[in-house]
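Thanks for making time this morning. I would like to walk you through one structure, so please bring it up on your screens before I go on.

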Amino acid sequence: MRPTVRLGAILFSSALALCAAPAFAQTSAMPERVIVNLTDTPATSLAFNWRAAPGSGDGFVEYAPLTPGPAYAQQATRVAAQRTPAAFKTRDDQDVAAEYYSVRITGLTSASQYIYRVGKDGAWSPWRQVRTAAAEAKPFTFLYMGDVQNDIRAMGGHAVRRALKETPDAAFMLFTGDLINRADNDAEWGEWFGMDVDRIAETPSLMTPGNHEYTKPQGAVAQALARQWRLQFTLPDNAPIEALKETVYRADYQGLRLISLDADMMDESPDSARAQVQWLERQLAENPGRWTAVFLHYPLYSTAKGRDQGELRVALQPLFDKYGVDLVLAGHDHTYGRGRPHPKGPVYMVSNVGPKQYPLGDLSWTTRKGSGIQLYQQVEVSPTRLTVRAYTMDGVLYDAFRLDKNGKGPAALTDLAPKTPELILRKDDKK
Ligand SMILES: [Fe+2]
């Protein structure tokens with residue numbers, strides 16, 4: 001199932017990362033790479049991560065209900081972070097040295113505004129606003145984005161910032177893997193966090209790993225997840241097995257069950273694939289909400305030329321169909337495609353927010369497709385309707401559809417795609 005096609009891939013230069021001269025070791029006690037993640041109970045808890053220079057000592061989160069003025073600063077609760085000192089060499093020979101901090105705040109009030117800061121006395125982050133989910137099914141919008149991966153600072157960041165600017169009320173951001181290009185490359189992770197330092201710290205994220213978050217350490221038999229993944233994120237902690245911690249998980253957000261599958265580990269390890277499939281069936285069978293979105297890096301239905309994930313389809317599609325999964329969100333193919341190959345099955349999507357572009361392959365399953373474009377998707381969820389709108393990075397609507405459902409079972413699909421021509425990158429287009 002490994003991707004085999006690189007030919008004709010029209011790549012924008014990724015030379016920039018090689019030319020940059022970033023610092024890999026954190027040298028300041030000031031918190032950096034601050035991020036908020038959704039937990040498995042987003043109505044009552046949130047997770048925070050950051051890092052600081054080696055030897056920075058204990059770190060804390062201070063948080064309070066948001067007040068009309070600055071009173072929150074006197075009312076804050078302080079919680080000690082779990083601190084993990086890390087010092088390692090990356091595959092690119094970068095020396096990473098930092099204290100990584102993680103806190104999961106629980107006992108929050110649903111549908112409420114909070115304010116928080118991280119760090120310690122003399123080295124606090126700015127106060128930043130966040131909010132909790134409602135406890136019940138209620139309308140909200142989240143952002144779905146595919147691979148950022150290449151030239152993140154130079155060419156990926158502005159597309160993500162446009163997505164955030166056009167979606168000021170995004171409840172959270174969901175990334176379908178290949179956030180960066182070289183698994184543990186710390187400069188690239190720095191670029192990723194640098195895309196929008198404030199919004200990444202204010203808008204919760206969920207991310208599933210792609211093949212580029214995995215690397216095979218020298219001399220190792222098995223691949224390993226980038227060291228930074230579990231150090232810098234605190235994702236829902238309900239994986240089927242320890243090896244899939246924070247890569248396979250579930251979160252329920254206002255009537256929508258979100259399920260992250262680790263596509264690369266399904267591909268690499270039969271044991272992992274079995275564990276994920278068994279676990280998945282339980283999550284689907286026990287879904288308390290009406291809607292289900294599964295997100296994973298590899299698409300079950302490919303869009304890039306020469307690619308096909310047949311094994312993944314065999315393993316997952318019967319469960320998706322049996323339990324009425326509504327949306328399957330993927331990345332990896334550096335193209336756009338949306339379709340419902342089976343009338344009662346999920347709508348499958350492949351999208352790409354980064355600059356790397358591939359030619360399209362067999363797109364007979366799609367209703368709308370595109371290549372040579374960067375896109376972001378607004379997914380608007382309400383108790384009975386789910387509407388997806390895909391925009392190109394210039395803010396123009398490229399695709400849209402909606403699903404309606406009044407009970408359990410397959411949703412009714414309405415195509416809302418604009419009548420504009422599909423944008424297709426020709427093989428001989430020079431970029
Ligand atoms: Fe990928």
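Let me begin with Ser 205, which sits in strand β12, and please keep in mind throughout that what we are looking at is a predicted model. With a relative accessible area of 0%, Ser 205 counts as buried, because that term covers anything under 20%. What is Ser 205 in contact with, once its neighbours within four places in sequence are left aside? The list consists of Ile 35, Val 36, Asn 37, Leu 38, Met 173, Phe 175 and Leu 235. One of these, Val 36, is 169 residues away from Ser 205 along the chain, and yet the C-alpha atoms of the two are separated by 6.5 Å.

From there I would like to move to the metal site. Which protein residues act as donors to the iron ion? They are Asp 178 through OD, Asn 211 through OD1, His 297 through NE2 and His 332 through ND1, and they lie 2.1 to 2.2 Å from the iron ion. The arrangement is irregular, because the angles that the four donor atoms subtend around the iron ion run from 85 to 164°. Along the chain, the donors follow the spacing D-x32-N-x85-H-x34-H. Within that pattern, Asn 211 and His 297 link distant parts of the chain, being 86 residues apart: Asn 211 belongs to the loop between β12 (205-207) and β13 (214-215), whereas His 297 belongs to the loop between β17 (291-295) and α9 (310-322). Both Asn 211 and His 297 are buried.

Next, please find strand β15, residues 249-253. Four of its five residues are buried, so β15 is largely enclosed by the rest of the structure. Its partner is strand β16, residues 256-260, and the two pair in the antiparallel sense over five bridges, with Ala 251 having Leu 258 in β16 as its bridge partner. Together β15 and β16 make a hairpin with two residues between them, and in the turn Gln 254 has a positive phi of about 45°.

Leu 258 also takes us to the nonpolar interior. The largest nonpolar core has 89 residues, and those touching the most other members are Phe 142, Trp 192, Phe 233, Leu 258, Phe 320 and Leu 327. Apart from that core lies another, of 18 residues, including Phe 48, Ala 52, Val 118 and Ala 201. As for Phe 142, its contacts beyond four places in sequence include Phe 172, Leu 174, Leu 256, Leu 258 and Leu 329, as well as Gln 377 and Gln 378.

Notes
Residues are numbered from 1 along each chain as its sequence is written. This is a predicted model: local features need pLDDT of at least 70, side-chain atom pairs count only at pLDDT 80 or more; totals for chains, interfaces and linings use all residues. Side-chain values use heavy atoms; hydrogens and water are left out. A nonpolar core is a set of buried Ala, Val, Leu, Ile, Met, Phe, Trp, Tyr and Cys residues joined through side-chain atoms within 4.5 Å. Buried means under 20% relative accessible area, exposed over 50%, partly exposed in between (1.4 Å probe, protein chains only). Contact means heavy atoms within 4.5 Å. Donors are N, O and S atoms within 2.8 Å of the metal (3.2 Å for Na, K and Ca); water is not among the atoms, so sites may look incomplete. Four donors count as tetrahedral if all angles lie between 85 and 135 degrees; four count as square planar and six as octahedral if opposite donors are over 155 degrees apart and all others between 65 and 115; anything else is irregular. Two strands pair if DSSP finds at least two bridges between them.
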